Amino acid sequence: MTPIVRSGAGARAGALLILLGPLVSWVAEFITAAAWQDPPYSPLYNWVSHLGLTGPPQTAFGQVADSPLGTVMDTGWVVYGTLLIIGVFLVFDPRKGMRPIFITILAVLAGVGVSLVGIFQGSNANVDNGLIAFHTFGAQGVMVAGNIMAIVVGAGGTRIGLTRGRSIASITLGTVGLISFPLFMADVFTGWMWNVGLFERAVIYPIMIGHALLGSSVAAAQRHRATHPPAPLTARIES
């Protein structure tokens with residue numbers, strides 16, 4: 001089948017950027033959560049976005065929030081979104097049909113979404129001034145677009161460089177994320193708020209793992225192509 005990704009140094013660099021994005025975000029999350037000690041941050045109970053609060057300690061969206069290194073988390077999200085967008089533009093070739101165009105659109109929506117989460121915090125101040133709309137749009141945008149992207153990437157995995165196993169894994173991750181999304185929203189809007197951090201991560205982490213799979217798979221395929229170039233046409237005919 002015809003590949004829908006570019007080749008060469010640019011594509012290899014793009015693949016590494018896609019892989020690096022979620023890794024940067026995870027490192028930022030670990031560092032920020034470790035600094036949150038009063039009370040200790042709980043990844044199952046606490047909102048993910050509360051890690052990015054840089055203001056004074058406050059009770060926001062039903063939880064006490066105090067993130068001493070909120071700027072670290074916000075930076076991680078903006079870097080993640082930026083690397084994803086740049087990486088996808090370097091990797092996917094829009095001249096190869098609608099699938100690479102669709103993937104690129106989804107990646108831009110996800111990248112802009114996660115960046116908005118880092119730029120516009122889920123704080124009481126932003127609730128009062130109306131800027132919380134950008135935070136909400138960004139969060140829900142990346143949750144939907146990111147998981148759909150994982151499914152679309154997996155469905156076209158052979159044209160991208162994913163193995164069969166990784167293609168199935170990408171589709172499974174996106175499906176799990178999309179199923180978790182309405183459960184997360186129901187947990188929030190019913191006011192139950194039971195382990196909201198767990199439900200939120202059940203939507204977000206499949207996206208991040210999917211991006212890591214995509215980036216590492218394309219990088220490996222590009223490296224293999226560079227070290228094992230196809231034989232000339234005359235040699236293939238003679239064989």
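Colleague: How many salt bridges does the rule give in this structure?

Modeller: The count comes to 2 salt bridges, where the term stands for a side-chain nitrogen of Lys or Arg within 4 Å of a carboxyl oxygen of Asp or Glu. This is a predicted model, in which local features need pLDDT of at least 70, side-chain atom pairs count only at pLDDT 80 or more, and totals for chains, interfaces and linings use all residues. Residues are numbered from 1 along each chain as its sequence is written, while side-chain values use heavy atoms and leave out hydrogens and water.

Colleague: What makes E29 and R201 a salt bridge?

Modeller: The closest N and O atoms of E29 and R201 are 2.9 Å apart, so the pair meets the cut-off. The two residues are 172 residues apart and link distant parts of the chain, with E29 in helix α1 and R201 in helix α8 (residues 196-227); helices here are DSSP runs (H or I, at least four residues), numbered from the N terminus. Both E29 and R201 are buried.

Colleague: Why is D93 called buried or exposed, and which label does its partner R95 get?

Modeller: D93 and R95 form a salt bridge, their closest N and O atoms being 2.9 Å apart. Buried means under 20% relative accessible area, exposed over 50% and partly exposed in between (1.4 Å probe, protein chains only). D93 has a relative accessible area of 4%, and therefore counts as buried, whereas R95, at 69% relative accessibility, counts as exposed.

Colleague: Which label does V27 earn, and why?

Modeller: V27, which has its place in helix α1, shows 48% relative accessibility, and therefore counts as partly exposed.

Colleague: How do you know that the span of α1 agrees with its number of residues?

Modeller: The expected span is 1.5 Å times one less than the number of residues. For the 27 residues of α1 this should come to 39 Å, and the end C-alpha atoms are 39 Å apart, so the two values agree. Among the buried residues of α1 (residues 9-35) are A11, G14, A15 and I18.

Colleague: Why is T104 called buried or exposed, and which residues is T104 in contact with?

Modeller: T104 lies in helix α3 (residues 98-119), and its relative accessibility of 12% is the reason why T104 counts as buried. Leaving aside neighbours within four places in sequence, T104 is in contact (heavy atoms within 4.5 Å) with V88, F89 and F92.
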